[in-house]
Amino acid sequence: MSVTGRIHSWETCGTVDGPGIRFIVFTQGCKMRCQYCHNRDTWDMRGGKEVTVEEITSQLDSYRHFFEASGGGITASGGEALLQMEFVRDLFRASNQMGIHTCLDTNGYVKQHTELLDQLLDVSDLVMLDLKQIDDDVHQNLVGVSNKRPLEFAKYLAERNQPTWIRYVVVPGFTDDLESAERLAEFIAPMQNIEKVELLPYHELGAHKWETLGLEYPLTGVKPPKTETMEQIKAIFVRHGLNAKF
């Protein structure tokens, strides 16, 4: 019997969630409570719609020529894709069989390293890992949980030599200080599997989703970081020998 998953939606021609043109599956459910979340409506595991792997792969096949021409593929995002490991594993297995590149976009908040996790990582050509903050107190304030699991997951990916991109959202007042960037760069610099560090300037584009749900957006009034700040943070990662972009 085919494993089903609960998803929020999919996007057919994404260009910012992995290399090339990508088919992005936004899974439903997340344990983090990021104050800047731009997919607030994905938190509830009971939301969204139930789909089969076959429903998605039938769509994938229609866009195969875009993936082949651009070096793209499929990305499982969220919400948090690791909450539905069995479904994403089977989706990626089917994608691999079709010759389509697979990318796991995750916050790394996984309780333990299991055989199922290894099976999923075995069919993940690339992992994009969001590391929110290296300081645990700030991390808990910003996203509601400790950073211990994501940092352990980062170490585990390094042990596996899993091709990985690190994503770091620069949020004024939370992650835009140079000390945090320095500590994070020191943490990931020894990891030989890190191909790129993507520095993502905070934006307010998801605020309307909070409002639609009748919720107050926590970071109302917070503006995107200045280009100068982004350049300073980028320079820190580059100085540590990392390929950093924004």
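In this predicted model, helix α7 (residues 178-188) and helix α9 (residues 227-239) run side by side, their axes coming within 9 Å and crossing at roughly 25°. That angle falls under 35 degrees, so α7 and α9 are roughly parallel to each other. The crossing of the two is right-handed. On the α7 side, L178, A181, E182, L184, A185 and I188 take part, and they meet Q232, I233, I236, F237 and R239 of α9. Sorted by class, the residues of this contact come out as eight nonpolar, one polar and two charged.

Now for the sheet. Nine strands make up an open sheet with mixed pairing, and the order reads β3-β1-β2-β4-β5-β6-β7-β8-β9. The edges belong to β3 (49-52) and β9 (244-245); each has a single partner strand, so one side of each is left without a neighbour in the sheet. For β3, pairing with strand β1 (residues 4-14) is antiparallel and covers four bridges. Within this part of the sheet, G5 sits opposite V51 of β3.

Two helices can be placed against the strands. Helix α1 lies across β1, β2 (22-27), β3 and β4 (73-77), and its direction makes an angle of about 70° with β3. Further along the chain, helix α6 (residues 148-160) lies across β5 (101-106), β6 (126-130) and β7 (164-170). Relative to β6, α6 runs at about 155°.

Both of these helices also have helical company. Helix α1 (residues 53-62) packs with helix α3 (residues 85-97) at an angle of about 35°, the axes being 10 Å apart. This crossing, too, is right-handed. From α1 come V53, I56, T57 and L60, while α3 supplies F87, D90, L91, A94 and S95. The α1 and α3 contact divides into six nonpolar, two polar and one charged residue.

As for α6, its axis and that of helix α4 (residues 115-122) come within 12 Å and cross at roughly 60°. At that angle α4 and α6 are therefore oblique to each other. Handedness is again right-handed as α4 passes α6. The residues involved are L117, D118, L121 and D122 of α4, together with F153, Y156, L157 and R160 of α6. This contact has five nonpolar and three charged residues, with no polar ones.

A couple of backbone details in the loops deserve a mention. Most residues other than glycine have a negative phi, and most peptide bonds are trans. Against that background, the peptide bond joining G78 and G79 is cis, with omega at about 10°. G79 belongs to the loop that links β4 and α3. The other case is N161, which is not a glycine yet has a positive phi, near 55°. N161 is located in the loop between α6 and β7, two elements that also touch, since α6 lies across β7.

Finally, the annotation. An unreviewed UniProt entry lists residues 16-239 as "domain: Radical SAM core". In the model, the C-alpha atoms at the two ends of residues 16-239 are 25 Å apart. Helix accounts for 40% of that span and strand for 18%. The listed range stops at residue 239, and helix α9 (residues 227-239) ends there as well. Edge strand β9 covers 244-245.

Conventions:
Residues are numbered from 1 along each chain as its sequence is written. This is a predicted model: local features need pLDDT of at least 70, side-chain atom pairs count only at pLDDT 80 or more; totals for chains, interfaces and linings use all residues. Side-chain values use heavy atoms; hydrogens and water are left out. Axes are lines fitted to C-alpha atoms, for helices over the stretch in contact, and angles run from 0 to 180 degrees between N-to-C directions. Angles under 35 degrees count as roughly parallel, over 145 as roughly antiparallel, 65 to 115 as roughly perpendicular and the rest as oblique. A crossing is left-handed if the near helix is turned anticlockwise from the far one by less than a right angle, and right-handed if clockwise. Contact means heavy atoms within 4.5 Å. Ala, Val, Leu, Ile, Met, Phe, Trp, Tyr, Cys and Pro count as nonpolar, Asp, Glu, Lys and Arg as charged, and the others, Gly among them, as polar. UniProt positions are given in the numbering used here, feature names are shortened, and annotations may be inferred rather than shown by experiment. Two strands pair if DSSP finds at least two bridges between them.
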